[in-house]
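This note collects comments on the structure shown below, set out as numbered points. The points go from the model as a whole to its helices, its core and its annotated regions.

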Amino acid sequence: MAKPADTRTAGRKPAAKATRSVAETEKIRAALAARRDELRAEYDQTLSEITELQRDRLTDSAGDDQADTGTKTFEREQEISLANSIRERITQVERALERLDEGGYGWCERCGNPIPVERLAAFPSATLCVTCKQLEERR
Ligand SMILES: [Zn+2]
């Protein structure tokens, strides 16, 4: 696999970049890992609820009228879409962890300043610092 010269990222980052301490990076890593574990637990929980709804549907659907069946189908669909969105968030956090290893994570895309650890812990997919985010929203 030949790797083409990387021209994509050239010039994208500000030349004078602020640095983040190793301790801070570790703090972000820990926060992201904790979030990922939380989401995984939530995901497993949702999956078992889906299985349960599925089982209910198979076992006692004989006595159900049309409305009951409809409700259960709806519930199951809701759980499935919830599971999908959780899985998406897990992917986001995993990607964030990869980028953190590469040093490309946690920097504001607008001003280039480091995004505070607390903000990253709450919103792992944040790409803007609070100030820039507020400016974006005000526009
Ligand atoms: Zn910013």
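1. Confidence. The model is predicted, and its mean pLDDT is 84, with 83% of the residues scoring at least 70. By helix, the mean is lowest in α3 (residues 117-122), at 88, and highest in α4 (residues 130-138), at 92. Residues 6-11 call for caution: pLDDT remains under 50 there, and the model gives this stretch zero contacts beyond four places in sequence.

2. Overall architecture. The protein contains four helices and zero strands, which follow one another along the sequence as α-α-α-α. Of its 139 residues, 12% are buried. If one takes the contacts between residues at least 6 apart in sequence, 65% of them join residues at least 24 apart.

3. Helix α1. Is the span of α1 what its 38 residues should give? The expected value at 1.5 Å a residue is 56 Å, and the end C-alpha atoms are 55 Å apart, so the two agree. The buried residues of α1 are Ile 28, Leu 32, Arg 35, Leu 39 and Thr 46. These residues pack against α2 and α3. As background, residues three or four places apart in an α-helix point the same way, because there are 3.6 residues a turn.

4. Helix α2. This helix has 37 residues, and the distance from its first C-alpha to its last is 54 Å, close to the expected 54 Å. Glu 79, Ile 86, Val 93 and Ala 96 are its buried residues, and α1 is included in what covers them. Just after the helix, Gly 103 adopts a positive phi of about 85 degrees.

5. Leu 39 and the facing helix. Leu 39 belongs to helix α1. Leu 39 counts as buried because 20 other C-beta atoms lie within 10 Å, and 20 is the number at which a residue is classed as buried. Leaving aside residues up to four places away in sequence, Leu 39 touches Ile 86, Arg 89, Ile 90 and Val 93. The C-alpha atoms of Leu 39 and Ala 83 are separated by 9.9 Å, although the two residues are 44 residues apart along the chain.

6. Two further positions on the helices. Where do Ser 48 and Thr 91 fall on the scale from buried to exposed? Ser 48, in helix α1, is exposed because it has 11 C-beta neighbours inside 10 Å. Its C-alpha atom is 9.9 Å from that of Glu 79, which is 31 residues apart from Ser 48 in sequence. Thr 91, in helix α2, has 13 other C-beta atoms within 10 Å and is therefore partly exposed. Thr 91 and Arg 36 are 55 residues apart in sequence, yet 8.8 Å apart in space, C-alpha to C-alpha.

7. Nonpolar core. Which residues form the largest nonpolar core? The core has 12 residues: Ile 28, Leu 32, Leu 39, Ile 86, Val 93, Ala 96, Tyr 105, Trp 107, Ile 115, Leu 120, Leu 128 and Cys 129. Two elements, α1 (22-59) and α2 (66-102), give two or more residues to this core. Such grouping fits a general tendency: in soluble globular proteins, nonpolar side chains tend to be buried together. Ile 115, one of the core residues, touches Gly 106, Trp 107, Cys 108, Leu 120, Ala 126 and Cys 129, not counting residues up to four places away in sequence.

8. Annotated regions. An unreviewed UniProt entry places "domain: Zinc finger DksA/TraR C4-type" at residues 103-138. Over that span the chain is 42% helix and 0% strand, with its end C-alpha atoms 30 Å apart. The unreviewed UniProt entry also gives "zinc finger region: dksA C4-type" for residues 108-132. That region is 36% helix and 0% strand, and its end C-alpha atoms lie 8 Å apart. Both names come from the record, and such annotations may be inferred rather than shown by experiment.

Definitions and conventions. Residues are numbered from 1 along each chain as its sequence is written. This is a predicted model: local features need pLDDT of at least 70, side-chain atom pairs count only at pLDDT 80 or more; totals for chains, interfaces and linings use all residues. A nonpolar core is a set of buried Ala, Val, Leu, Ile, Met, Phe, Trp, Tyr and Cys residues joined through C-beta atoms within 7 Å. Two residues are in contact if their C-beta atoms, placed from the backbone, lie within 7 Å. The expected span of a helix is 1.5 Å times one less than its number of residues. pLDDT is the predictor's confidence in each residue, from 0 to 100.
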